[in-house]
Amino acid sequence: MPSTEKQSKYKRILLKLSGEALMGEESFGIDSNVLNRMALEIGQLVGIGVQVGMVIGGGNLFRGAALNAAGLDRVTGDHMGMLATVMNALAMRDALERSNINTRVMSAIPMSGVVDHYDRRNAMRYLNQGDVVIFAAGTGNPFFTTDSAACLRGIEVEADVVLKATKVDGVYTADPVKEPTARRYRHLNYDEVIEQQLGVMDLTAICLTRDHNMPVRVFNMNKPGALANLVVGGDEGTLIDCSETVGEKYAE
Ligand SMILES: Nc1ncnc2c1ncn2[C@@H]1O[C@H](COP(=O)(O)OP(=O)(O)O)[C@@H](O)[C@H]1O
Ligand SMILES: O=c1ccn([C@@H]2O[C@H](COP(=O)(O)OP(=O)(O)O)[C@@H](O)[C@H]2O)c(=O)[nH]1
């Protein structure tokens with residue numbers, strides 16, 4: 001397993017990957033190259049002793065809101081979306097175990113014979129022994145997102161930080177895909193994200209982190225080495241917490 005002499009800033013992290021990240025260059029489904037690269041990057045963290053919990057979205061397969069727009073019942077669509085996150089979790093476990101990283105999948109929806117049912121105390125035990133734990137099936141409830149599930153599980157298992165991996169370099173003054181002049185924030189507090197309606201996470205997720213004082217860092221998963229850099233204290237992406245900004249508000 002790869003290792004580095006650097007010390008991690010965090011003992012336990014909750015890493016949120018969007019389902020879309022797993023698509024890579026494909027238009028649907030899972031790109032095995034992406035899975036293998038993620039497994040390598042997560043292995044580097046495990047190698048320096050970081051305890052890794054993960055939540056993976058399902059947007060590469062199904063989203064309840066999109067299915068609803070196409071005519072399906074919303075709750076049925078959300079159930080399909082949650083099942084999609086289980087499929088992604090199985091694929092990620094497979095990639096991690098091929099890299100010799102012990103991995104557990106715990107689902108919020110019981111799925112006997114396929115994956116374990118989520119149990120907080122067991123999850124904490126697995127994390128303590130160094131296994132990667134993938135929390136699947138979101139919160140188990142319709143009308144929620146996997147961002148909310150990531151924040152919820154992060155708070156429950158007492159992670160030091162929620163790391164939200166996304167397609168852009170962090171949180172910007174406006175959507176950087178639509179507004180090329182948008183500036184990236186180095187730091188924000190929860191109220192700024194809420195007041196300025198910055199499209200980084202849904203409101204439920206942000207309010208949950210604010211109410212439980214859980215820091216969130218948004219970073220670009222397509223940037224090689226970004227994850228390893230930020231866990232050792234590198235200035236990647238945007239940090240969201242309860243503090244006022246000290247120093248530069250924006251990245252260069
Ligand atoms: N203020 C903002 N800062 C950064 N990204 C933003 C902002 N507003 C909208 N976005 C968009 O949000 C997307 C990331 O959201 P994310 O939740 O990771 O995607 P998904 O919904 O696929 O999980 C980016 O690709 C970006 O285009
Ligand atoms: O607690 C949850 C989490 C997810 N979902 C459903 O699962 C889909 C996939 O999750 P998400 O959209 O968050 O995935 P991502 O955008 O991260 O790929 C969502 O659209 C919802 O339909 C849900 O109903 N409850």
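In what order do the nine strands of the open sheet lie? Please note at the outset that the model on display is predicted. Colour the strands and read across the sheet: the order is β4-β3-β5-β2-β1-β6-β8-β9-β7, and the pairing is mixed. At the edges, select β4 (116-117) and β7 (187-189), each of which pairs on one side only.

**Stop 1: inside the sheet**

Select residues 51-56, which form strand β2, together with residues 132-136, which form strand β5. These two strands pair in the parallel sense, over three bridges. Within this pair, highlight G53 and look across to β5, where V133 stands opposite.

Next, add helix α2, residues 32-47, which packs on the sheet. Helix α2 touches β1 (12-17), β2 and β5, and the direction of α2 makes about 150 degrees with that of β2. Then add helix α6, residues 146-156, which also packs on the sheet. Its contacts are with β1, β2, β5 and β6 (161-166), and the direction of α6 makes about 175 degrees with that of β1.

**Stop 2: helices α2 and α4**

Keep α2 in view and select α4 (74-98). In general, two packed helices are described by the angle between their axes and the distance between the axes. Here the axes of α2 and α4 come within 9 Å and cross at roughly 60 degrees. The two helices, α2 and α4, are therefore oblique to each other. Their crossing is right-handed.

To display the contact, select L35, N36, M38, A39 and I42 on α2, and A91, M92, A95 and L96 on α4. By class, the residues of this contact between α2 and α4 are eight nonpolar, one polar and no charged.

**Stop 3: helices α6 and α8**

Return to α6 and add helix α8, residues 203-211. How are the axes of α6 and α8 placed? They come within 8 Å and cross at roughly 15 degrees. Because angles under 35 degrees count as roughly parallel, α6 is described as roughly parallel to α8. The crossing of α6 and α8 is left-handed.

On the α6 side, show D147, S148, C151, L152 and I155; on the α8 side, show T204, A205, L208 and T209, which they meet. The contact of α6 with α8 contains five nonpolar, three polar and one charged residues.

**Stop 4: around ligand 2**

Now centre the view on ligand 2, which has 24 residues around it. Which of these residues come nearest? They are G57, G59, G64, G81 and G138. Four helices, α1 (19-23), α3 (64-69), α4 and α6, each supply at least two residues of the shell. Helix α4 gives the most to this shell, with six residues. Sorted by class, the shell around ligand 2 holds six nonpolar, 14 polar and four charged residues.

**Stop 5: around ligand 1**

Finally, move to ligand 1, with 16 residues around it. Select S18, T166, Y172, D175 and G199, which come nearest. The shell around ligand 1 divides into eight nonpolar, five polar and three charged residues.

Note on methods. Residues numbered from 1 in each chain as written. Chains lettered and ligands numbered in written order. Predicted model: local features only at pLDDT ≥ 70, side-chain atom pairs only at ≥ 80, totals over all residues. Pairing = 2+ DSSP bridges. Contact = placed C-beta atoms within 7 Å. Axes fitted to C-alpha atoms, helices over the stretch in contact; angles between N-to-C directions. Near = placed C-beta within 6 Å. Nonpolar A, V, L, I, M, F, W, Y, C, P; charged D, E, K, R; others polar. Parallel < 35°, antiparallel > 145°, perpendicular 65-115°, else oblique. Left-handed = near helix turned anticlockwise from the far one by under 90°.
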